[in-house]
Each structure stands twice: as C-alpha cells, then as structure tokens.
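I wanted a quick look at one hairpin and at the aromatic rings. These are my notes, in the order I checked things.

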Amino acid sequence: MKRIIISMLLFLLLLLYIFFYPVSMALVFYNEDTNERQAFLPLEYGDEFQIIFTHSVHLSDVVEKYRVTSDKQIEQFEFIFEEFGVGMPSNAQTGETFVYEEGRYHIRDMKNLFPELRVRNGKAVSQHRLVWGTHEVTFNDYMEPGAWMTLKIEHLTLWQWLKGARIHEQNTN
C-alpha cells in the first residue's frame, strides 16, 4: 500500500512538473497593465515579426520590424513609412541607415531594445496588423479599437499554452 501511495505521489509530481515547467517561448499579449493574457504567438530566439499600422493622418501604412533576442528582449531593427509628418522621424540616429526605396522611407540597422512593448490598437483608423513569416492577423481579432496591450517575450508552461489563446495563422498568400 505504501508503494502505491509513493508511486501516485511521484506520478502527481511528474504531472505537475510537466504542466507547470516553462516549455515554449512566445510573444505574449497582456491586457493593458494586467497579468491577463489575451493571446500569444509562439516564437523562438531570432524570429522576426512586424507591427503594421495605418497612420491616422496620412492613411498610409507604417511598418515596425522586430526580432526576438537571446535574452528575451524585443529588438526593433527597421522602421518603414511613406510620408513625413506627425509622429514620423525625419532622419536616422547614429549607426542607423536612412534610405528611400520604391516610394518608402526606411530606417535600418536600428538596435532599439525593449523588455516589453505597449501597443494601442487604432481607434480612428483601426487597421493594426501583426505579421510574421507569411502570416498576418489584425489586432481587431484580439482587442477592441482604442484598447492597448503590453507585449512581452516569455516562456510559457504547458498549462498556460493549453488554456491560452494562440494567435491563429492566417496565410496571406
């Protein structure tokens, strides 16, 4: 009887370990300043993603390109826009490259590191999108227009993975 109880306890401990040990990395979307996970996107070190929004004045797309660093930070490495004006940079910073290609301005070689991003979904023009690889989703699928989220790179446990809302891949091709 004692062996059965010990075996059951060991099995229970193993299950707890399996369910609550961090197993996978993801870009996690938190509702504003809370610990409430809205969604997550599985990513690995070095993976890239983009946040594209339609500028509310110019009504043209602005692209922010990011990658996941080995220390779980979010590195902005490129910024692309079509028109100068409200909220748009006028030049590159030291070490960055500013170019004009195919009707768009690019600031490349950026090395802006963030432990988290705070992203507001457009209210006046709600067309924000998340792009990775050949996949794209709209922020409206995961938050209301005008709402904001905190994005972080984290390791998720199997339990968090199973009960969370994984961002669905919608092929844009």
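**Hairpin first**

I began at a cross-strand pair: Trp 132 stands opposite His 135 in β11. This is a predicted model, so I am reading computed geometry throughout.

I then looked at the strands around that pair. β10 (residues 129-132) pairs with β11 in the antiparallel sense, over four bridges. Two residues lie between the strands of this hairpin, and I found Gly 133 with a positive phi near 55 degrees.

Which side chains of β11 are buried? I went along residues 135-138 and saw an alternation: His 135 and Val 137 point to one face and are buried. Glu 136 and Thr 138 point to the other face and are not buried.

**Rings next**

I got 10 aromatic pairs for the structure. I noted Phe 81 and Phe 84 as edge-to-face, because their planes are at 75 degrees, with the ring centres 5.5 Å apart. Phe 81 is buried at 0% relative accessible area, whereas Phe 84 is partly exposed at 40%.

Tyr 100 and Tyr 105 went down as tilted, because their planes are at 50 degrees; the centres are 4.7 Å apart. Tyr 105 comes out at 18% relative accessibility, so I logged Tyr 105 as buried, the cut-off being under 20%.

Tracing the ring pairs onward, I found that they link Phe 79, Phe 81, Phe 84, Phe 98, Tyr 100 and Tyr 105 into a cluster.

**Charges over rings**

Last, I looked up charged ends. That of Arg 67 sits over the ring of Phe 77, 4.0 Å from the ring centre. That of Lys 152 sits over the ring of Tyr 30, 5.3 Å from the centre.

Methods
Residues numbered from 1 in each chain as written. Predicted model: local features only at pLDDT ≥ 70, side-chain atom pairs only at ≥ 80, totals over all residues. Heavy atoms only, no water. Buried < 20%, exposed > 50% of the residue type's maximum accessible area, 1.4 Å probe, protein only. Pairing = 2+ DSSP bridges. Phe/Tyr/Trp six-rings, centres within 6.5 Å; stacked < 30°, edge-to-face > 60°. Lys NZ or Arg CZ within 6 Å of the ring centre and 35° of its normal.
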